Amino acid sequence: MTMHLELEEHYSERYDEASRLGSTVKGRLELARVQDLLNRYLPAPPAAVADIGGGPGVHAGWLKHRGYDVELLDPVERHVRQATEAGISAVQGDARELPWEDEEFDAAFVAGPMYHLREPEERQLALREAIRVTKLGGFVAVVAINRAANLIGSTLANTLIQRQAVVTDILRDGYSPRNDRMAHTTYHTVAQLRAELTHAGLRGVMIHGLTGPGGWLTVMIDAHYGDRPLPDTLQEPDPLRTALECARLADSFPEMVQSSSLLFGVGQRADL
Ligand SMILES: C[S@@+](CC[C@H](N)C(=O)[O-])C[C@H]1O[C@@H](n2cnc3c(N)ncnc32)[C@H](O)[C@@H]1O
């Protein structure tokens, strides 16, 4: 199946991306941390931001609300429709060939293509396009999935035994053709993500732990409780607050980035 067909099928029929960041504790942690880190790197509003692989527009909606001028791009028709219905300027397209002029944006956010494009050359194309449309000195930020995430996440969810072949593929190659969640999903090591961003031309590259070690608390809760009531020890203080505090604390210690399931890489456009 081609990548776009697989994406369309996954996001149109199997998965509701619009509710992902609100319906689980892990999603709510990711949302809060994306906001933390974008706040740190974006210039003050009003500024123009490209949201590449922006899905149904959850982050774009927040940015727009904060006074940014946001343009969203996504290949999935359903996502573009949902974003448009939410009042976001959205276009159907591919990160590897952006429909925008050089230096049209003050910053670009790429949360999707790094883990959906399997070949390193495809990711380089997407990164170079994001850099091309960003002004000199502007930040390009990306989200990637840590290669260790599947091993630890499957263990905490107690699904490692069933998923062992997939987890082994991912640890070895960064993806698995047997991945029932989505064959094209690609997982990075921290060093690989840093190298890819630097190779594309970004300067001063930083890799942050997006969900941080506290993200594993949210994985445990989502996997074992779902919508069921939590035991007393997991109710107070709010585990989301604990996980968020953990991610923020860990952020000051760069070596802790290895323990985060999601990675937030960022660098500055120097020149192409
Ligand atoms: C998990 S969703 C993330 C949506 C949103 N950026 C967020 O962080 O919540 C991944 C998104 O990346 C998009 N995507 C995948 N491959 C892409 C590509 N080649 N170019 C642009 N977007 C892509 C998908 O269609 C999907 O909407």
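**Entry 1: the ligand shell.** I counted a residue as near the ligand if its C-beta atom, placed from the backbone, lies within 6 Å of it. The model I examined is a predicted one. I found 23 residues around the ligand, and those that come nearest are Gly53, Gly55, Ala95, Ala111 and Gly112. I then looked up which elements give two or more residues to this shell: they are helix H1 (3-14), helix H2 (17-23), helix H4 (58-65) and helix H6 (113-116). Sorting the shell around the ligand by class, I recorded 12 nonpolar, 7 polar and 4 charged residues.

**Entry 2: the annotated span.** I consulted UniProt, where an unreviewed entry places the feature "domain: Methyltransferase type" at residues 51-141. In the model, I noted that the end C-alpha atoms of residues 51-141 lie 10 Å apart. I recorded the composition of the span as 37% helix and 30% strand.

**Entry 3: helix pairs.** I described each pair of packed helices by the angle between the axes and the distance between the axes.

I began with helix H7 (residues 120-132) and helix H10 (residues 190-200), whose axes are 9 Å apart and pack at an angle of about 55 degrees. An angle of about 55 degrees is why I entered H7 and H10 as oblique to each other. I noted their crossing as right-handed. On the H7 side, I listed Pro120, Arg123, Gln124, Leu127, Arg128 and Ile131 as making the contact; on the H10 side, I listed Glu196, Leu197, His199 and Ala200. By class, I counted 5 nonpolar, 2 polar and 3 charged residues in the contact of H7 with H10.

I turned next to helix H8 (residues 149-156) and helix H11 (residues 215-224), which pack at about 45 degrees with their axes 9 Å apart. H8 and H11 are therefore also entered as oblique to each other. The crossing of H8 and H11 is right-handed. I found that H8 contributes Ile152, Gly153 and Leu156 to the contact, while H11 contributes Trp216, Val219, Met220 and Ala223. The contact of H8 with H11 holds 6 nonpolar residues, 1 polar residue and no charged residues.

I then followed H11 to helix H12 (residues 239-250): the axes come within 8 Å and cross at roughly 150 degrees. Because angles over 145 degrees count as roughly antiparallel, I entered H11 as roughly antiparallel to H12. I listed Gly215, Leu217, Thr218 and Ile221 of H11 in this contact, together with Pro239, Thr242, Ala243 and Ala247 of H12. The classes in the contact of H11 with H12 are 5 nonpolar and 3 polar, with no charged residues.

**Entry 4: backbone exceptions.** I kept in mind that most residues other than glycine have a negative phi, and that most peptide bonds are trans.

I found a cis peptide bond from proline 45 to proline 46, with omega near 5 degrees. I placed proline 46 in the loop between helix H3 (25-41) and strand S1 (48-52).

I found another cis peptide bond joining glutamate 236 and proline 237, where omega is about -5 degrees. Proline 237 is in the loop between H11 and H12, the helices I had entered as roughly antiparallel.

Finally, I checked glutamate 103, which has a positive phi of about 55 degrees although it is not a glycine. I located glutamate 103 in the loop between strand S3 (89-92) and strand S4 (105-111).

Terms used:
Residues numbered from 1 in each chain as written. Predicted model: local features only at pLDDT ≥ 70, side-chain atom pairs only at ≥ 80, totals over all residues. Axes fitted to C-alpha atoms, helices over the stretch in contact; angles between N-to-C directions. Helix = DSSP H or I, 4+ residues; strand = E, 2+ residues; numbered from the N terminus. Parallel < 35°, antiparallel > 145°, perpendicular 65-115°, else oblique. Left-handed = near helix turned anticlockwise from the far one by under 90°. Contact = placed C-beta atoms within 7 Å. Nonpolar A, V, L, I, M, F, W, Y, C, P; charged D, E, K, R; others polar. UniProt positions renumbered as here; feature names shortened; annotations may be inferred.
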